[in-house]
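Work through the following exercises with the sequence and the model open. Each task is followed by a solution in steps.

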Amino acid sequence: MTYAIEFEDKVWRALGDRKRRRILEALVKTPMLTGELVDLLPSIGRTGVLRHIGILTDANLIVVRPEGRKRWNHFNPDPVRRVCNEWVALHIEGVEASTAKLKSIAESEVHSKTEDNI
């Protein structure tokens with residue numbers, strides 16, 4: 001598996017979990033301490049939050065900065081931007097081609113109906 005595919009897979013997997021997206025949404029607003037993230041998701045507890053932080057860190061979506069005994073978690077938007085832009089670029093060409101084909105079909109049907117009425 002190439003590095004790019006492995007990187008993309010890690011990002012998509014990390015984004016695929018609702019709890020991880022909730023962590024990221026909180027970090028978009030401001031960096032947070034790990035304890036604050038635990039308070040944000042009390043239903044999964046500290047161990048669960050640390051596991052999710054680990055997955056997000058592995059995908060480079062979070063950068064963790066230790067400060068003494070505290071750990072500040074910062075959102076890194078670059079992987080999301082990179083993966084989403086590449087995915088959209090791959091699929092937009094197909095959408096544009098389909099739209100052009102649909103337009104051509106619609107125009108040819110209008111043209112043939114006009115000729116039938118003449």
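## Exercises on the fold

In this predicted model, 52% of the contacts in the chain between residues at least 6 apart in sequence join residues at least 24 apart.

**Exercise 1. List the secondary structure elements of the chain in order and state how much of the chain is buried.**

Step 1. Count the elements: the chain has 5 helices and 3 strands.

Step 2. Read from the N terminus, the elements follow the order α-α-β-α-α-β-β-α.

Step 3. Turn to accessibility: 25% of the 118 residues count as buried.

**Exercise 2. Describe the sheet: its strand order, its edges and its hairpin.**

Step 1. The 3 strands form an open sheet in the order β1-β3-β2, and their pairing is antiparallel.

Step 2. β1 (32–33) and β2 each have a single partner strand and stand at the edges, so one side of each lacks a neighbour in the sheet.

Step 3. Strand β3 (residues 70–75) runs antiparallel to β2 and is joined to β2 by 6 bridges. Within this pairing, Pro66 stands opposite Arg71 in β3.

Step 4. The hairpin formed by β2 and β3 has 2 residues between the strands, and Gly68 in the turn has a positive phi of about 65°.

**Exercise 3. Place α2 and α4 relative to the sheet and to each other.**

Step 1. α2 lies across β1, β2 and β3, and runs at about 90° to β3. α4 also packs on the sheet, where α4 touches β2 and β3 and makes an angle of about 115° with the direction of β2.

Step 2. Between the two helices, α2 and α4, the packing angle is about 75° and the axes are 10 Å apart. Angles of 65 to 115 degrees count as roughly perpendicular, and α2 and α4 are therefore roughly perpendicular to each other.

Step 3. On the α2 side the contact is made by Lys19, Arg20, Ile23 and Leu24, which meet Arg51, His52, Ile55 and Leu56 in α4. By class, the residues of this contact between α2 and α4 are 4 nonpolar, 1 polar and 3 charged.

**Exercise 4. Identify the central members of the largest nonpolar core and the elements that supply this core.**

Step 1. The core holds 20 residues, of which Val11, Ile23, Leu37, Leu56, Leu61 and Ile62 touch the most other members.

Step 2. Two or more residues each come from α1 (3–15), α2 (18–29), α3 (34–40), α4 (45–58) and β2 (62–67).

Step 3. Take Val11 as an example: apart from neighbours within four places in sequence, Val11 is in contact with Ala59, Leu61, Pro79 and Val83.

**Exercise 5. Examine Asn60 and Asp78: where does each lie, and is each buried, exposed or partly exposed?**

Step 1. Asn60 is located in the loop between α4 and β2. Its phi is near 65°, a positive value in a residue other than glycine. Most residues other than glycine have a negative phi.

Step 2. Partly exposed covers the range between under 20% and over 50% relative accessible area. Asn60, at 36% relative accessibility, therefore counts as partly exposed.

Step 3. Asp78 belongs to helix α5 (residues 78–117). With a relative accessible area of 44%, Asp78 is also partly exposed.

Step 4. Asp78 is 17 residues from Leu61 in sequence, and the C-alpha to C-alpha separation of Asp78 and Leu61 is 7.7 Å.

Notes: Residues numbered from 1 in each chain as written. Predicted model: local features only at pLDDT ≥ 70, side-chain atom pairs only at ≥ 80, totals over all residues. Heavy atoms only, no water. Core = buried A, V, L, I, M, F, W, Y, C linked by side-chain atoms within 4.5 Å. Buried < 20%, exposed > 50% of the residue type's maximum accessible area, 1.4 Å probe, protein only. Helix = DSSP H or I, 4+ residues; strand = E, 2+ residues; numbered from the N terminus. Contact = heavy atoms within 4.5 Å. Axes fitted to C-alpha atoms, helices over the stretch in contact; angles between N-to-C directions. Parallel < 35°, antiparallel > 145°, perpendicular 65-115°, else oblique. Nonpolar A, V, L, I, M, F, W, Y, C, P; charged D, E, K, R; others polar. Pairing = 2+ DSSP bridges.
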